[in-house]
Amino acid sequence: MVKRILSIAICIVVLIFVYSPILLLVVYSFTDSKMIGQWNGLSLALYGQLFRDERIMRILFNTVWLALAAAGLSTVLGTAGAIGIFYSRRRVAKPLLAVSQIPVINAEIVTAIALALLFSMTLLYRTYFSLIVGHMVLCTPFVLLSVMPKLKQMDPNTYEAALDLGASPSQALFKVVIPQIFSGIVSGFMLSITLSLDDYIVTAFTKPKLFDTISTYVYNAVKNGTNSSTPALRALSALIFIVMIVILLMINLRAQKPAAKRSTK
Amino acid sequence: MEWTYNDVARAKSAVRAEKMIQPSAEVSANKNMRKPNQWEINMPERKKEEKIIEIVNVSKVFDETTAVENISFYVRKGEFITFLGPSGCGKTTTLRMIAGFDIPTSGKILLNGKDITDLPPNKRPVNTVFQRYALFPHYNIYDNIAFGLKLKKVPVTYVNDRGESYTKMQRLTRREIDEKVRNALAVVDLEGFEKRSISTLSGGQQQRVAIARAIVNEPEILLLDEPLGALDLKMRKEMQIELKEMHRKLGITFIYVTHDQEEALTMSDTIVVMKDGCIQQIGTPTDIYNEPANAFVADFIGESNILSGTMVDRFTVRFCNRNFRCVDDFERNEKVDVVVRPEDVVMCPPEEGMLVGRVVSVVFKGVYYEITAMVGRSEMIIQSTQSRERGDIIGMKIEPDNIHIMKKEFTTNKYDGYITKRNTVVFGDGEFDCDVTTLYPGSALDEEGYLITADGKKLDLTDVDVSVEVDLKNIEISDNADEGGACGHIVSLIYKGDHYQYIVRTEENEEDFVLDSEDLWNENDFVSVKIRPENIRLKLKQEIQ
């Protein structure tokens with residue numbers, strides 16, 4: 001009994017440590033004070049400010065389209081890579097898989113500097129191209145990681161079965177292989193979006209001069225000590241947090257449903 | 001798993017039908033030695049030469065291992081042909097080359113006389129039933145079966161305004177697909193299952209869907225890769241009968257792969273027995289059973305007594321210390337393998353028997369008793385409806401017709417080797433002590449290891465090439481890896497009445513040591529090979545200067 005109480009208590013303490021800063025942010029986004037810690041009564045003024053601030057809106061838009069583009073391209077590249085590696089001979093597949101995972105274990109700052117060096121030798125330095133490629137370097141390995149297990153679960157003969165039934169290789173790919181690994185592709189896409197959304201380091205090293213994402217904007221705002229001048233960012237952070245929680249819950253609920261269906265059989 | 005009353009009744013009646021047909025077929029087959037092919041009996045109206053698939057000198061090498069080695073055979077239209085062999089014998093690779101999943105390293109595959117060696121699988125009029133079904137889990141049963149139909153384009157002839165007819169390649173209509181799927185489901189007894197998902201089916205039902213998905217495309221050839229391997233015994237028996245029935249009804253060619261000899265015998269018109277990527281024998285089930293081409297086939301197909309014998313005269317063979325009349329003729333004094341099926345050994349009172357033995361075990365097997373008797377040092381297995389007691393002395397008779405004689409595959413082991421500095425010999429991935437003085441009659445070794453010939457010449461034998469011969473009975477094997485000259489795994493064992501014949505294969509160069517031993521070892525045991533120096537026969541390849 002004591003053990004049980006203790007374990008619950010530890011859980012609660014850990015949860016408080018992890019979530020209290022975020023909760024604090026969310027709570028203080030509903031008041032119009034300049035600083036956190038100063039409560040001026042319940043108000044939606046910050047949210048109003050946020051949506052009226054054209055600059056923040058443009059940055060928000062930038063961040064979202066960058067994330068969608070980078071995640072979309074990474075998903076295509078990563079899925080194609082995973083399928084290619086999966087159907088390669090062992091001697092080729094093993095080193096390929098190992099090499100493809102280097103960006104995951106590599107320190108992000110190293111990746112960022114390497115990218116900046118590479119692009120500075122070309123005319124593409126600090127363009128949208130370098131920015132998107134930078135984000136793809138971040139995201140693609142994770143797509144590969146989430147698609148690979150789905151391929152391994154798949155019966156490898158199903159591809160051959162499709163060919164056998166008259167499908168061309170591309171028909172077999174789209175009608176038989178892709179549907180079976182689709183959940184892995186979706187989770188790879190979602191993972192890429194979250195990675196791209198909150199990335200600062202690679203973005204800072206590859207972005208065009210006058211382009212900002214939420215991360216770079218917030219960082220610069222805080223660095224210049226002007227955080228208090230844009231309290232609307234509190235509302236923005238709270239919104240991002242809430243949206244993320246909702247997406248996460250939706251994914252988890254969806255993942256649980258088929259599992260529940262299977263277990264009732 | 002649900003089985004309706006109808007299913008059971010149908011299966012039972014099919015079993016009955018099968019039983020009624022079999023005895024008469026066997027009687028007619030046993031009468032004359034060269035039995036006509038079952039195919040010729042059943043389907044006289046078709047031409048014998050109608051080859052649908054022809055395999056010409058096909059080999060397949062994966063990386064460095066040879067899966068299939070220079071095989072040639074053909075399949076007749078409408079035939080039920082089975083590739084039979086132990087795992088790794090190349091039977092599945094052969095099937096995959098016919099399906100188009102693997103491309104032969106060399107050789108040709110002809111379909112109806114046309115070369116299809118490099119044709120991709122989707123362009124071949126061939127469909128496959130996979131070992132693990134390979135159903136599409138994201139489709140329901142209807143969509144699984146309709147998969148091939150939806151992709152298919154068929155020529156449709158139209159007549160335009162001016163009365164000219166023209167053909168267009170068109171997809172099948174929804175109604176046509178519906179009907180074909182319904183028919184295919186009826187063939188496999190799964191009517192009304194269209195909307196069910198794959199994961200709700202039992203193994204047997206999934207197997208039926210896999211078959212329906214293949215036959216719905218009306219292929220010229222249906223390939224089946226151990227399709228019943230994942231089912232339990234009872235289910236397998238039922239499916240065997242149903243597959244045979246399906247083959248009869250559909251009239252298309254079935255190419256079947258299995259390692260189950262009983263399955264092959266029950267279902268096939270023709271059996272191709274394979275081992276180590278090579279074809280051992282092609283023939284009807286009765287041919288293969290009654291006239292196995294070699295000891296491997298005899299051992300693999302059914303139970304058999306395999307004994308060592310010697311031809312003592314024309315049509316006379318000696319084994320178990322007695323001469324027998326037989327119907328095969330070999331050279332006099334040739335060492336042969338004698339195969340006698342357990343059901344062909346007839347028990348009789350000891351004084352009437354050609355052979356006399358003591359019963360050492362009796363096992364009741366349902367329809368018959370399996371009686372093991374020792375005749376001298378040889379073991380003889382007998383199948384009989386009559387029982388005997390352990391310890392009984394019994395006589396045994398064997399009809400000349402039932403004594404099958406085949407050339408011994410191995411009589412001696414031959415290797416290329418060379419002599420080392422220490423006057424040992426290296427061959428078969430190992431180094432063995434030997435007596436080098438046998439190379440020159442009357443020679444001797446001096447204290448420095450040089451060979452002094454009879455006429456006083458001094459020879460250095462280092463690195464001299466020799467050919468080496470060792471008899472099967474002179475090779476011993478041992479658990480202790482350091483004891484022998486070479487080490488390897490046992491890759492094959494065949495019981496030959498009073499001893500086992502083993503093949504030990506070394507790892508490095510895959511050298512084989514064939515040996516006879518009375519001890520029992522298991523396949524894949526790692527053993528070392530011992531040979532006494534006096535049993536290694538050496539011969540110089542060329543004179544030493």
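Chain B of this predicted model has an average pLDDT of 84, and 91% of its residues score at least 70. Within chain B, the highest confidence belongs to strand β3, residues 80-84, at 95, whereas the lowest belongs to helix α2, residues 38-42, at a mean of 37. Over residues 1-47 of chain B, pLDDT stays under 50, and for this stretch the model has 25 contacts beyond four places in sequence. Where pLDDT is low, the predicted coordinates should not be read in detail. For the model as a whole, the scores are ipTM 0.77 and pTM 0.72.

Allow me to turn to the sheets of chain B. One of them is an open sheet of six strands with mixed pairing, and its order is β6-β9-β10-β3-β11-β12 in chain B. Which strands stand at the edges of this sheet? They are β6, residues 126-129, and β12, residues 278-283, of chain B; each has a single partner strand, so one side of each is left without a neighbour in the sheet. From one strand to the next, the twist averages 20 degrees. Helix α6 of chain B, residues 203-215, packs on this sheet and touches both β6 and β9, the latter being residues 221-225 of chain B. The direction of helix α6 makes about 175 degrees with that of β6(B).

At the β12 edge, the partner is β11, residues 270-275 of chain B, and the two strands pair in the antiparallel sense over five bridges. Within that pairing, Gln281(B) in β12(B) has Val273(B) standing opposite.

A second open sheet in chain B consists of five strands in the order β25-β24-β23-β29-β35, and here the pairing is antiparallel. Its edge strands are β25, residues 430-433, and β35, residues 537-540, of chain B, each of which pairs on one side only. Direction ignored, neighbouring strands of this sheet are turned by 35 degrees against each other on average. Strand β29 of chain B, residues 465-471, runs antiparallel to β35(B), and four bridges join the two. In β35(B), Leu538(B) is the bridge partner of Val468(B).

Next, two hairpins of chain B. How many bridges join β1 to β2 in chain B? There are eight, between β1, residues 51-62, and β2, residues 65-76, and the strands run antiparallel. Ile55(B) has its bridge partner in β2(B), namely Phe73(B). Two residues lie between the strands of this hairpin, and Asp63(B) takes a positive phi near 45 degrees.

The other hairpin is formed by β14(B) and β15(B), with two residues between them. Strand β14 covers residues 316-319 and β15 covers residues 322-325 of chain B; they run antiparallel and are joined by four bridges. Phe319(B) has Arg322(B) as its bridge partner in β15(B). In the turn, Cys320(B) has a positive phi of about 50 degrees.

Finally, the contacts between the chains. On one side are 17 residues of chain A, in contact with 20 residues of chain B. On the chain A side, the elements giving two or more residues are α8, residues 157-164, and α9, residues 169-197, of chain A. Which element gives the most to the side of chain A that touches chain B? That is α8(A), with six residues. By character, the residues on the side of chain A that touches chain B divide into six nonpolar, six polar and five charged.

Key:
Residues numbered from 1 in each chain as written. Chains lettered and ligands numbered in written order. Predicted model: local features only at pLDDT ≥ 70, side-chain atom pairs only at ≥ 80, totals over all residues. Contact = placed C-beta atoms within 7 Å. Nonpolar A, V, L, I, M, F, W, Y, C, P; charged D, E, K, R; others polar. Pairing = 2+ DSSP bridges. Axes fitted to C-alpha atoms, helices over the stretch in contact; angles between N-to-C directions. pLDDT = per-residue confidence, 0-100.
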